[in-house]
Amino acid sequence: MPLEVLFGWAASFLCTLILVPQIFKAIQTRHTNDVSMSMLIISVAGNGFWVAHASMTLNVPLIVGAGLISCMSIALIILKYMYDTR
C-alpha cells in the first residue's frame with residue numbers, strides 16, 4: 001500500500017473519531033444544549049461536499065471518513081432535536 005494511501009486511511013480514521021465522544025456524552029447525559037446546531041449543519045454540508053469530491057477523484061479513504069462524519073453529525077442533530085425539545 002502506498003504511503004499516501006496509508007496516510008489517507010490514518011487521517012480518515014482519526015478524523016472520524018472526533019464526534020464519537022460527543023455522541024456518547026449526549027446519550028449518557030441526555031443533554032445537548034452546548035452542542036452547536038450551526039456547527040453540525042456546516043459539518044454535514046462540508047463533509048457531503050468532501051464525499052462528492054472524493055467520489056469524483058476515487059479517494060476511498062476520504063469517501064469513508066467524510067461519509068462517516070456526515071452520518072455522525074446527522075446522529076447528533078437527531079439527538080439534539082430529541083433532547084433540546086423536552
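A disulfide is a pair of cysteine sulfur atoms within 2.5 Å. I wrote that cut-off down before looking at Cys71, whose sulfur has its closest cysteine sulfur 16 Å away, in Cys15, so a bond is ruled out by distance. Note to self: this is a predicted model.

**Entry 1: cysteines**

I came at the pair from the other end too. Starting at Cys15, the closest cysteine sulfur is the one in Cys71, at 16 Å, again too far for a bond. How many disulfides does a search of the whole structure find? I got zero. While on Cys15 I also looked up its accessibility, which came out at 42% relative, so I logged Cys15 as partly exposed. Cys15 turned up again later, among the α1 residues that make the contact with α4.

**Entry 2: the chain as a whole**

Next I stepped back to the overall layout. I counted four helices and zero strands in the protein chain, and from the N terminus the order simply reads α-α-α-α. I took the extent of the C-alpha trace along its principal axes and got about 50 × 20 × 15 Å. Of the 86 residues, 26% count as buried. I then checked how far along the sequence the contacts reach. Taking contacts with a separation of 6 or more, I found that 76% of them join residues 24 or more positions apart.

**Entry 3: α1 against α4**

For packed helices I want two values, the angle between the axes and the distance between them. For α1 and α4 I have an angle of about 5° and axes 8 Å apart. Angles under 35 degrees count as roughly parallel, so α1 and α4 go down as roughly parallel to each other. Which residues make the contact? On the α1 side I listed Val5, Gly8, Trp9, Ser12, Cys15 and Thr16. On the α4 side I listed Val60, Pro61, Leu62, Val64, Gly65, Leu68, Ile69 and Met72. Sorted by class, this contact has 10 nonpolar residues, four polar ones and no charged ones.

**Entry 4: Ser12 and Phe13**

I picked two sequence neighbours in α1 to look at one by one. Ser12 sits in α1, which covers residues 3-16. Is Ser12 buried or exposed? Its relative accessible area is 11%, so I marked Ser12 as buried. Leaving out residues up to four places away in sequence, I found Ser12 touching Pro61, Leu62 and Gly65.

Phe13 is in α1 as well. Its relative accessibility is 54%, so Phe13 goes in my exposed column. I also took a C-alpha separation here: Phe13 and Pro61 are 48 residues apart along the chain, with 8.5 Å between their C-alpha atoms.

**Entry 5: α2 against α4**

Last pair. The axes of α2 (residues 20-29) and α4 (residues 60-84) come within 10 Å and cross at roughly 20°. That makes α2 and α4 roughly parallel to each other. I checked the hand of the crossing as well, and it is left-handed. From α2, the residues in the contact are Val20, Gln22, Ile23, Ala26 and Ile27, and they meet Met72, Leu76, Leu79 and Tyr83 in α4. By class, I have eight nonpolar residues, one polar and no charged ones there.

One cross-check between entries: Met72 of α4 is on my list for the α1 contact, and Met72 is also on the list for α2.

Terms used: Residues numbered from 1 in each chain as written. Predicted model: local features only at pLDDT ≥ 70, side-chain atom pairs only at ≥ 80, totals over all residues. Heavy atoms only, no water. Axes fitted to C-alpha atoms, helices over the stretch in contact; angles between N-to-C directions. Helix = DSSP H or I, 4+ residues; strand = E, 2+ residues; numbered from the N terminus. Parallel < 35°, antiparallel > 145°, perpendicular 65-115°, else oblique. Left-handed = near helix turned anticlockwise from the far one by under 90°. Contact = heavy atoms within 4.5 Å. Nonpolar A, V, L, I, M, F, W, Y, C, P; charged D, E, K, R; others polar. Buried < 20%, exposed > 50% of the residue type's maximum accessible area, 1.4 Å probe, protein only.
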